[in-house]
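Visitor: I should like to go through this structure and ask, for each assignment, on what grounds it is made. Please set the values against the criteria as we proceed.

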Amino acid sequence: MQFLKAAVAAGLVVVTCTGTSLAQNKPSGLKIGITTFLSGPASVFGVPAKAAAEMIAEDLNKKGGIGGVPVKLSFIDEGAGGEALVSNYRRVVQDEKVDATFASISSGSCTQLVPVAEDLKVMNFMWDCGAASILETKKYRYNFRTQANGTPEMLAVLLYLLKTKPDFKTIAVVNQDYAWGRESWEIFSTALKSMKPDVQVVAELFPKFGAPDYSTEVSRLLALRPDVVLTTSWGGDLDTLVRQAGQRGLLQQSTFVLGIGESSIQRLGKDLPEGLIVGARGDHWFLHPEKKNDAAFKAFNEAFKAKTGAWPIYPVYHMAQAFKALQTAYDKAIKSNGGNWPTREQVVDATAGTEFATGFGRPITLRPEDNQGLEAQLVGVTKSVPGYDFKLLDNIMIFDPKTITNPAGVRSVEWLKTLKPDFVKMDVPTFKAQ
């Protein structure tokens, strides 16, 4: 009951719409197909995201659903990969006739499924994938990203590094060898060259996705002794890299930057030392400095912990954003349609330019020019705090998305090339751990 009240306050639950015309043509259910990792190393945050979806949908339905229509979920395991993923996605869209999809976590999955969604004319929310190129190379009608792309995510982390450790001379990268790993490094390194051109890149290491052993990479970095080591790896891959690097002293030798490491903090526990710079893929943190005293935010976090045994991580909040974007779009479309249940095309029309807020972070806007979400970015440094068996984030900075996101119609890399060293001087609020 406490969570239901909190969800209402946070805007995740809507009051049932009434009216004769709406009641006459609304469907029996609003079907959503969701891709997330349910197996493999990435399931460490794919499974929490599924738990969040189930929790949010359950509470939506207890209050009448979206527009008075109950939500029904179907899940697709991204861990199946390749042809199986595309086949299962087509089946859910064509056979189960879902009204919308949330796809996907992996940028590789998004690259595969975005054109399929467009071909099938089903509204799709890229709820977690970060590859900026997907929405930069083509204008889509049915695909929207309900969170940031990799450009503001990487730029925020780099700005934090330059603000807090401005004197470093050398850097190395260890990233997964696929779309996100390559593209995130291109974004980071291009911006670094623009703002601090004297830094030397001493190693670019791209182990395969899902690699079980990083001894070769750790050995090379120990020998090269870079001032900074960046990794934008995630999930089980990041956990393994951090543990193996820590066991051999690499985490103490170099300043480590975990570009999207927030989701690993709890799992790594005492294996994660103090002083690592960590990005949160949005302004996502269960102790968000601007939300931590908000009753609805606290209640949601506590309910999620009671359900799963862990505090929410960024995929949980990204899932909440997708639901809120869908709810907002339907509310707008119903209103524009005179209270009648909207067609799919009317909902798609209503989605472009939508601004929404989950109550768990700052508001998000879906930019109408390219359907790209504008999402604030939170970055901090790990610190031991009494009462927690894992590190918290300290000296947190929250970056405004409009400042650090490439303009619509301009490729990320081209925009980053125009940045100047004084870009780092922007004012950013800083918050302590508690």
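Visitor: Which residues does Thr365 touch, not counting residues up to four places away in sequence?

Guide: In this predicted model, Thr365 touches Gly353, Thr354, Glu355, Gln372, Gly373 and Leu374 under that restriction. Contact here requires heavy atoms within 4.5 Å. Thr365 itself lies in strand E12, residues 364–367.

Visitor: Why is Thr365 called partly exposed?

Guide: The relative accessibility of Thr365 is 23%. Buried means under 20% and exposed over 50%, so Thr365 falls in between and counts as partly exposed. Thr365 and Arg145 are 220 residues apart in sequence, and their C-alpha atoms are 10.0 Å apart in space.

Visitor: What makes Cys110 and Cys129 a disulfide?

Guide: The S to S distance between Cys110 and Cys129 is 2.1 Å. The criterion is a pair of cysteine sulfur atoms within 2.5 Å, so the pair qualifies as a disulfide. The pair links distant parts of the chain, 19 residues apart: Cys110 is in helix H5 (residues 107–120), and Cys129 is in the loop between strand E4 (123–126) and helix H6 (133–136). Both cysteines, Cys110 and Cys129, are buried. The structure holds one disulfide.

Visitor: Why is the disulfide of Cys110 and Cys129 assigned its handedness?

Guide: The torsion about the S-S bond of Cys110 and Cys129 is about -90 degrees, so the disulfide is left-handed.

Visitor: How many salt bridges does a search of the whole structure find?

Guide: The search finds 17 salt bridges. Asp128, Glu153 and Arg281 are linked in a network of such bridges.

Visitor: What makes the pair Arg141 and Asp349 a salt bridge?

Guide: Their side chains meet at 2.9 Å, N to O. The limit is 4 Å between a side-chain nitrogen of Lys or Arg and a carboxyl oxygen of Asp or Glu, so Arg141 and Asp349 satisfy it. This pair links distant parts of the chain, 208 residues apart: Arg141 is in the loop between H6 and strand E5 (143–145), and Asp349 is in helix H15 (residues 344–351). Arg141 is partly exposed at a relative accessible area of 32%, and Asp349 is partly exposed at 49%.

Visitor: Where in the chain are Lys383 and Asp394, and how do you know which of them is buried?

Guide: Lys383 and Asp394 meet in a salt bridge of 3.6 Å, N to O. Lys383 is in strand E14 (residues 377–383) and Asp394 in strand E15 (residues 392–399), eleven residues apart. Asp394 has a relative accessible area of 6%, and the limit for buried is under 20%; Asp394 is therefore buried. Lys383, at 33%, counts as partly exposed.

Visitor: What joins Lys417 and Glu414?

Guide: Their side chains meet in a salt bridge of 3.4 Å, N to O. Lys417 is partly exposed at 49% relative accessibility, and Glu414 is partly exposed at 43%.

Visitor: Why is Asp283 said to have no salt bridge?

Guide: The nearest side chain of opposite charge, Arg362, is 4.9 Å away from Asp283. A salt bridge must fall within 4 Å, so the pair does not qualify, and Asp283 is buried without a salt bridge. Asp283 is found in the loop between strand E10 (277–279) and helix H13 (295–308).

Visitor: What makes the pair Asp283 and His288 a polar contact?

Guide: Their side chains are joined at 2.9 Å, and the limit for a pair of N or O atoms is 3.5 Å. Asp283 also touches other residues, including Phe360, Gly361, Ala376 and Ile398.

Visitor: Why is helix H8 called largely enclosed by the rest of the structure?

Guide: Twelve of the 17 residues of H8 are buried, so the helix is largely enclosed. Among them are Trp180, Trp185, Phe188 and Met195. H8 covers residues 179–195 and reaches 24 Å from its first C-alpha to its last, close to the expected 24 Å.

Visitor: How do you know that the span of helix H14 agrees with expectation?

Guide: At 1.5 Å a residue, the 23 residues of H14 (residues 314–336) should span 33 Å, and the end C-alpha atoms are 33 Å apart, which agrees. Of these 23 residues, 19 are buried, so H14 is largely enclosed by the rest of the structure. H14 is followed by Gly338, whose phi is positive, near 70 degrees.

Definitions and conventions: Residues numbered from 1 in each chain as written. Predicted model: local features only at pLDDT ≥ 70, side-chain atom pairs only at ≥ 80, totals over all residues. Heavy atoms only, no water. Helix = DSSP H or I, 4+ residues; strand = E, 2+ residues; numbered from the N terminus. Expected span 1.5 Å × (residues − 1). Buried < 20%, exposed > 50% of the residue type's maximum accessible area, 1.4 Å probe, protein only. Lys, Arg positive; Asp, Glu negative; His and termini not counted. Polar contact = N/O pair within 3.5 Å; in protein donor to acceptor, adjacent residues only side chain to side chain.
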